[in-house]
Structures are given as structure tokens and as C-alpha cells.
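Open the structure in your viewer and keep the selection tool ready. We go from the whole chain to one helix.

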Amino acid sequence: MGGYIDRSQGVQGVLDPLEVHVVTFADDGHRFALVVADLICVNVDVVDRIRTAMRGIGVSSCWVAATHTHASPEAGCYPGGGATPRPVGDRLVAASLGAARQAMAAERAARLGATRTLVPGLAGRRNLADPPPMDIPVDTIVVSAGTDVVGLIVISPVHPTVLPADNNQVSADLSGGIRRALSAPGRWVVVATGAAGDISTRHTRQGHGRPEADRLGARVASRVEPSPPAGHHAAVPVVRPPVSRNVRLRPKQPAELDVPDRPTPQVGDDRIRLVLQQGLRIAEEQAARQRTEPYVVEVAAVDLDGVTVVAVPGELFLELGEAIRSAAADQASDVVVLGYANGYLGYLPARDTPPCYETYASPVSAGSGEILVEAAVEAAVEAARDRDRSRRNSA
């Protein structure tokens with residue numbers, strides 16, 4: 001199983017089934033598919049396989065994202081990403097194709113809109129021993145047909161880690177709890193994970209089992225009020241191809257990997273202290289590998305009927321996800337940031353993040369998060385401009 005370094009056993013059972021969801025968006029010229037899988041991560045090798053297979057059934061472009069549940073099979077999830085185990089990859093490709101065919105067969109005329117809900121008591125900054133209370137921003141893409149809401153894509157910027165490291169049963173964890181809480185007759189629900197790099201339920205959860213995942217899921221559902229999007233929409237919805245940026249990020253330099261000289265935070269929380277030591281070990285392993293070539297990652301944006309979705313291939317800190325939204329807001333309204341998508345680089349902390357597990361485990365130099373934010377904003381703005389040009393040309 002993936003997600004916890006100190007887990008000592010493999011899968012022993014099923015707490016709730018892992019799922020693969022596909023939503024397709026199409027106009028007369030382009031079909032885009034979003035695949036969301038209950039896995040710890042997706043690496044570029046399996047993303048490429050799925051994209052190739054999707055083209056064979058009429059999907060023009062495709063993103064693949066993981067919910068990042070820590071109660072799933074290991075999928076090559078370590079800093080910089082790795083090779084996907086063949087059995088996991090084969091099953092993911094097959095499930096994605098099967099779900100995509102069903103989604104295409106069920107396509108119908110619909111409108112999209114985005115809403116944001118602030119949820120208190122859900123999660124907080126996990127790398128602090130005594131974090132202040134937070135209202136977590138949960139984004140929802142609402143799909144409506146006429147006056148009926150027919151689908152929801154919920155993006156939660158929270159680590160789905162209600163279940164503990166000693167759990168050996170597969171589960172969608174918090175993502176499953178949110179799905180169950182929002183499900184309703186005649187309405188599908190997809191739950192993805194956003195900029196959750198430093199956010200988890202460590203300080204807010206009241207237990208470690210499925211009942212707690214359901215309690216927190218119900219908390220989200222009690223705040224989300226699905227309703228058809230208001231405001232002006234074009235007569236014909238526009239789905240444009242995604243805009244991609246390849247970003248080169250420098251690996252940590254020798255001075256950043258010099259573990260003996262690192263300042264070690266003094267924390268009283270046993271779990272934080274244990275995880276901190278794990279981060280130091282990861283840093284030592286990185287130093288031993290002495291990587292010199294840059295990491296090249298894909299940052300992408302797609303505009304779906306006026307909702308601009310940004311895909312980041314790693315664990316972006318929440319403040320950086322909010323920076324993307326803020327910087328792109330003037331030219332790309334309704335910006336939604338999706339994490340763990342189209343690859344897995346690892347943690348992407350902010351430049352001034354104090355030393356913690358995430359900064360130790362991150363494979364890239366300080367400031368890489370801000371570089372990625374800049375590229376994401378450029379992609380979001382270009383995606384919105386492409387939409388506007390298409391609408392003018394079709395008017």
C-alpha cells in the first residue's frame with residue numbers, strides 16, 4: 001500500500017471500493033476527459049498510456065488525477081515520481097477506458113459553473129503543532145441541465161488521510177466520505193484533491209475510521225449548496241484544448257541537502273516529530289542520488305464553459321494554489337486548482353515555508369513552487385483567451 005513510510009503490511013481487505021471516475025466535456029470540435037482515480041498518485045507513464053488509449057475512442061485530450069488517498073495500492077509515489085507497477089497501471093487504463101465509454105454514451109447538453117464554500121472544522125495546517133482554526137476553501141464545479149443539477153466535481157484541498165498508517169484496508173478515505181455525503185438520485189459526484197500539500201485533518205479529526213471520514217464528508221456536504229450556475233453563458237458552450245506549459249525545476253542543491261547542517265524544528269507532537277524524521281531520511285536519500293538534471297513537469301489549464309481548471313503535478317501548498325487563483329482572476333474567472341494531476345513531482349512548498357517534513361521531502365529547490373505558480377497563471381490566462389476567441393469567431 002502507498003502513502004505511509006511506516007506502514008509494514010500490504011492490502012489485507014477492502015473498507016470501501018476504490019473508484020475511477022471519468023467526466024467528458026465536448027463541443028462540436030473537441031472532447032476533453034477528466035479522469036479521477038482513488039490512488040496515492042499517478043505518474044507520467046500511466047498518464048501517457050491513458051491519453052493514448054483515450055484518443056482511440058474519440059477523446060481529443062485527457063487529464064488524469066489521483067485523489068491521493070493513502071489507503072490505495074503503491075503506484076510509484078515518491079519525490080520526482082517513478083514507474084507505475086504494471087498491474088496497477090493495467091487496471092487503471094482499463095477502468096479509465098470503461099468509465100470514459102460510459103461517460104460519452106451519457107453525454108447531454110449541460111452548463112457549468114463554479115462555486116466556493118468555506119468549511120470550518122474540516123482541516124488545518126498539518127505541519128504546525130498547534131495551528132489556528134481555518135476555514136478550508138472547497139471548490140465545486142456544478143453541472144446543470146435546465147434547472148436540474150446533474151453532476152458535481154468537488155475539489156477539496158485536504159489530504160485524504162483520516163485512516164491511520166496502520167490501516168491495511170483499501171479505501172477512498174475522505175474523498176469517499178464526501179462522495180457519499182453529496183450523492184443523490186439523478187446526480188453524479190466526483191471528488192478530486194486540490195492544493196493540499198500542507199493541509200490535512202491531523203488536528204481536526206475525532207477518529208481514524210470510516211465513520212470519521214463520513215462525519216467530515218457530511219461537514220463538507222452541509223456547506224455545499226448545489227444550484228444551477230447563475231449569470232450569462234454563451235448560446236453554445238465552448239470546450240477548448242488544454243493549454244500546457246513544460247516547467248523546468250532545479251533539483252535541490254548540495255547545500256539544501258546537507259542534512260547535518262539543517263535546523264531541526266523542536267516540536268512536541270509525537271506524530272509530527274516522527275514524520276519530520278522521515279523527511280530527513282528522504283533528504284539524505286536524495287543527497288545520495290546527487291541528481292543534477294532538472295525536473296521537467298507539465299502544468300496545464302483548460303477552460304470548460306467559463307470555468308478555468310488548472311492542473312498541477314504534485315503537492316502544491318494551499319497558499320500557492322490561492323496565489324494562482326488570485327493572479328489569474330482578472331482575466332480568467334472561476335479558477336479552480338487541481339493537484340496530483342498528470343504526474344507526481346512531490347511536495348511544492350512556498351519559498352518561505354519553515355523547515356518541516358514537506359520541505360525536507362521536496363525534491364526541488366526553494367522557490368520552485370513560485371515558479372510553477374507563474375507558469376500556471378500564464379496557462380490559465382491563455383486558456384481563458386482561447387475561449388473568448390472561439391466565442392467571438394462563432395458569434
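The stops below start with the overall fold and end at a single helix.

This is a predicted model: local features need pLDDT of at least 70, side-chain atom pairs count only at pLDDT 80 or more, and totals for chains, interfaces and linings use all residues. Residues are numbered from 1 along each chain as its sequence is written, and side-chain values use heavy atoms, with hydrogens and water left out.

**Whole chain.** Select the protein chain and show it as a cartoon. It holds eight helices and 17 strands. These are DSSP runs, numbered from the N terminus: helices are H or I, at least four residues, and strands are E, at least two. The C-alpha trace spans about 65 × 45 × 40 Å along its principal axes.

**Burial and contacts.** Colour the chain by accessibility. Of the 395 residues, 56% are buried (under 20% relative accessible area; exposed is over 50%, partly exposed in between; 1.4 Å probe, protein chains only). Now display contacts (heavy atoms within 4.5 Å). Among those between residues at least 6 apart in sequence, 80% join residues at least 24 apart.

**Helix 5.** Select residues 270-289. The end C-alpha atoms of helix 5 are 29 Å apart, which agrees with the 28 Å expected for 20 residues at 1.5 Å a residue (1.5 Å times one less than the number of residues). Next, pick out its buried residues, including Ile272, Val275, Leu276, Ile282 and Gln286. Which helix do the buried residues of helix 5 pack against? They pack against helix 7 (357-361).

**Last stop.** Select Gln290, which follows helix 5. Its phi is positive, near 55 degrees.
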